[in-house]
Amino acid sequence: MERRLLGAALLLCLLGVLHALMVDEKDDVFKRTACPAFLMFDNAAYLAGMTFELPCKCKPEEVSSVTWYFQRNVDSPKIQVLTDFAGTMLIDSSHVRTGSNVLKRFSIRLFSLIVFRAQARDSGHYLCGTKEGDFFYGYDVDIQPSQHIVVAFLDRGQHVQENYTEKDFSLFTAFWDWTRCDRCGVRGEQRRIGLCYVQSAQLDPRYRTALPNVTSCGSRAVPAPFQRASHLRAPEVAIRSCQSRCLAKEVAKAGLQAIANVVSKVGQKPWQPPIPTQPQRRRMLGDPETVFAIKIIGISYTIIGIVFLTISVGRCWWWVLQPPAKGPVQPV
């Protein structure tokens with residue numbers, strides 16, 4: 001029983017140490033990042049069905065926990081609270097159903113908000129603040145629907161959508177990087193997702209973007225007259241063929257053949273070794289992972305030593321303070 005209690009106590013201590021170290025690292029980031037004096041919104045665009053994370057990039061030093069809020073429109077008085085005011089609500093993403101309410105599809109991890117399987121109705125403002133309603137960081141999230149996505153097979157001569165230009169704005173598609181070839185040794189495919197973006201000098205300056213005068217088509221920074229035109233442009237995906245070599249299989253085949261040749265020369269039956277794996281990079285003492293591991297091990301041994309010493313001293317004192325045992329009474 002004592003061993004089980006000791007093991008449980010050590011496990012709780014280690015979990016507390018790990019959580020404290022991770023929070024300290026986050027606190028260092030917050031100390032280096034000052035909150036803007038005027039609340040602004042960072043633009044972020046995703047395709048429906050994706051999972052995205054919104055880090056709370058700044059907070060006052062005296063704030064120990066954050067609360068996330070969701071507001072569909074900047075002028076809407078309705079604001080949904082996305083946390084239990086302790087910043088610790090977690091859910092299992094495997095249990096999240098597509099189309100469920102956003103309140104059932106989020107998670108809070110180290111001050112960051114994670115939304116699973118985003119839907120178009122999740123577009124809006126996401127605010128990081130305190131439970132009293134003081135906001136210090138915000139996001140303008142644009143979830144573009146995938147029902148009418150445009151598909152272009154480049155090998156068949158199909159092309160992506162052309163840019164749409166008007167007097168005061170223009171619409172275009174911003175593509176992500178190509179995915180890896182989905183097969184090796186044979187012909188495969190690569191995909192590239194593109195989202196709708198608008199370029200205009202009349203965007204709302206309260207919204208921050210990666211490029212000047214450029215934001216996603218569903219952003220609240222886009223003036224109302226432009227939004228009607230932006231709805232005519234759908235996200236798209238470009239597909240092309242690809243072919244990549246199976247390097248791991250070739251290396252394994254060459255290694256097996258070399259071993260078989262050596263063994264056959266000495267008259268022994270060639271054996272089938274396991275497929276070699278790629279060598280891992282050697283860890284150095286100066287690596288951040290190594291330093292972190294050494295700190296954790298040192299703290300763990302210190303805690304274990306303190307607990308063991310406390311138990312030993314307590315047992316000794318218990319034996320010392322026990323009254324002496326009385327022997328049997330001798331008859332007269």
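**Exercise 1.** Which residue is the bridge partner of Asp42 in E13?

*Solution.* Before we start, note that this is a predicted model, where local features need pLDDT of at least 70, side-chain atom pairs count only at pLDDT 80 or more, and totals for chains, interfaces and linings use all residues. Residues are numbered from 1 along each chain as its sequence is written, and side-chain values use heavy atoms, with hydrogens and water left out.

Step 1: find the strands, which are DSSP runs of E with at least two residues, numbered from the N terminus. E1 covers residues 41–47.
Step 2: check the pairing, which requires that DSSP finds at least two bridges between two strands. E1 and E13 run parallel and are joined by 2 bridges.
Step 3: read off the partner of Asp42, which is Arg208 in E13.

**Exercise 2.** Place E13 in its sheet, and explain why one side of E13 is left without a neighbour.

*Solution.* Step 1: write down the strand order, E4-E3-E7-E8-E1-E13, for this open sheet of 6 strands with mixed pairing.
Step 2: look at the edges, where E4 (80–81) and E13 (207–208) stand; each has a single partner strand, so one side of each has no neighbour in the sheet.

**Exercise 3.** Trace the antiparallel pairings of E12 with E11, E15 and E14.

*Solution.* Step 1: E12 (residues 187–200) pairs with E11 (residues 169–175) over 7 bridges, and Leu171 has Val198 as its bridge partner in E12.
Step 2: with E15 (residues 236–243), E12 forms 8 bridges; here Gly194 stands opposite Glu236.
Step 3: E14 (residues 214–216) shares 3 bridges with E12, and the partner of Gln199 in E14 is Val214.

Conventions
Helices (H or I, at least four residues) and strands (E, at least two) are DSSP runs, numbered from the N terminus.
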